[in-house]
Structure formats: structure tokens, C-alpha cells
Amino acid sequence: MYLVYPKHGIVTPVLVPNETDQALINSGQNFNHYKYLEQGALFYFWSAPNQSEAGNMVIAAHTSDKLSNPGKYKTIFQMLTISRAGDKIFLYIKNDTGLYDLYE
């Protein structure tokens with residue numbers, strides 16, 4: 001999965017938690033989300049219904065992080081604070097055929 005916010009030049013991978021971490025998220029327990037945020041954004045897929053249905057999803061990412069911390073996605077959502085109504089944000093999700101479906 002990839003998130004693209006063209007207005008601000010943001011292109012980031014969106015990572016899905018492994019089964020163990022997803023179980024921790026679903027039960028409200030703490031888990032090591034930093035291992036995901038170092039590599040991009042984190043998709044909490046439990047917040048979205050089946051992709052063929054309308055609904056919402058939650059994607060988490062850093063707005064600011066210490067320069068000494070690992071990873072290159074330390075400020076990936078920083079520009080969201082100056083977003084405006086009408087800004088386009090795209091999500092590309094790989095489908096079963098290996099191609100990407102586009103969501104706006």
C-alpha cells in the first residue's frame with residue numbers, strides 16, 4: 001500500500017501490522033509501533049470494513065520525531081496540519097491480481 005499527497009510531495013509506504021501486533025491493537029494493548037513508523041505509515045486495518053464497502057480507515061505516521069531516531073519517515077504527516085478542504089490524498093492498495101487499486 002502507498003499513500004500519495006501530491007500537493008506536498010508526500011509518497012510513503014503504508015504498512016499493515018503482523019497478526020501478533022494486530023491482536024495487541026484489537027485488544028487495546030501496547031505494541032511496538034515504532035518498527036512500522038520507521039518504514040512509513042501504519043494502517044490500522046481493523047478500522048476499515050471490507051475494501052468493497054464504504055467506510056473509514058485509520059493511518060498513523062509521524063508528524064515530528066527526533067533526528068537521532070532511525071528511519072526516514074520522521075515527519076511524513078507534518079504537512080497535514082496545513083491541509084485544506086479539497087486537497088487530494090490518494091491511497092494505492094495492491095489487489096489480488098498484483099495491480100494497484102486507487103482510492104481518493
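# Salt bridges and cores

Trainee: Is Asp-21 buried or exposed?
Mentor: Its relative accessible area decides this (buried is under 20%, exposed over 50%, partly exposed in between, with a 1.4 Å probe and protein chains only). Asp-21 has a relative accessible area of 5%. Asp-21 therefore counts as buried.

Trainee: Good start! What kind of model is in front of me?
Mentor: Residues are numbered from 1 along each chain as written, and side-chain values use heavy atoms, without hydrogens or water. Local features need pLDDT of at least 70 and side-chain atom pairs 80 or more, while totals for chains, interfaces and linings use all residues, as this model is predicted.

Trainee: Which residue forms a salt bridge with Asp-21?
Mentor: A salt bridge here is a side-chain nitrogen of Lys or Arg within 4 Å of a carboxyl oxygen of Asp or Glu. The closest N and O atoms of the Asp-21 pair are 3.0 Å apart. The partner is Lys-35.

Trainee: How many residues apart in sequence are the parts that this pair, Lys-35 and Asp-21, ties together?
Mentor: Helices (H or I, at least four residues) and strands (E, at least two) are DSSP runs, numbered from the N terminus. Lys-35 belongs to helix α2 (residues 34-37) and Asp-21 to helix α1 (residues 19-26). Lys-35 is partly exposed, because its relative accessibility is 31%. The sequence distance between the parts the pair ties together is 14 residues.

Trainee: How many salt bridges does a search of the whole structure find?
Mentor: You have now met the pair of Lys-35 and Asp-21. Lys-7 and Asp-87 also meet in a salt bridge, as do Glu-104 and Lys-88. The search of the whole structure gives a total of three.

Trainee: How far apart in sequence are Lys-7 and Asp-87?
Mentor: Their side chains meet at 3.1 Å, N to O. Lys-7 sits in the loop between β1 and β2, and Asp-87 in the loop between β4 and β5. Both are partly exposed, because Lys-7 has 49% relative accessibility and Asp-87 has 22%. These distant parts of the chain are separated by 80 residues.

Trainee: What are the closest N and O atoms of Glu-104 and Lys-88 apart, in Å?
Mentor: Glu-104 is in the segment after β6 (100-103) and Lys-88 in the loop between β4 and β5, so their pair ties together parts 16 residues apart in sequence. Glu-104 counts as exposed because its relative accessibility is 64%, whereas Lys-88, at 43%, is partly exposed. The closest N and O atoms of the pair are apart by 2.8 Å.

Trainee: Which elements give two or more residues to the largest nonpolar core?
Mentor: A nonpolar core is a set of buried Ala, Val, Leu, Ile, Met, Phe, Trp, Tyr and Cys residues joined through side-chain atoms within 4.5 Å. Of the 13 residues in the largest one, Met-1, Leu-3, Val-14, Ile-76 and Leu-91 touch the most other members. The elements giving two or more residues are β1, β2 (10-15), β3 (41-44) and β5.

Trainee: How many residues are in the second, separate core?
Mentor: Look for Ile-25, Phe-31, Tyr-36 and Leu-37, which are among its members. The residue count of this second core is six.

Trainee: Which residues is Leu-80 in contact with, leaving aside its neighbours within four places in sequence?
Mentor: Leu-80 lies in the loop between β4 (58-60) and β5 (90-94). It is partly exposed, because its relative accessibility is 35%. Leu-80 and Ile-59 are 21 residues apart in sequence and 12 Å apart in space, C-alpha to C-alpha. With contact meaning heavy atoms within 4.5 Å, and those neighbours left aside, Leu-80 touches Tyr-5 and Ile-89.
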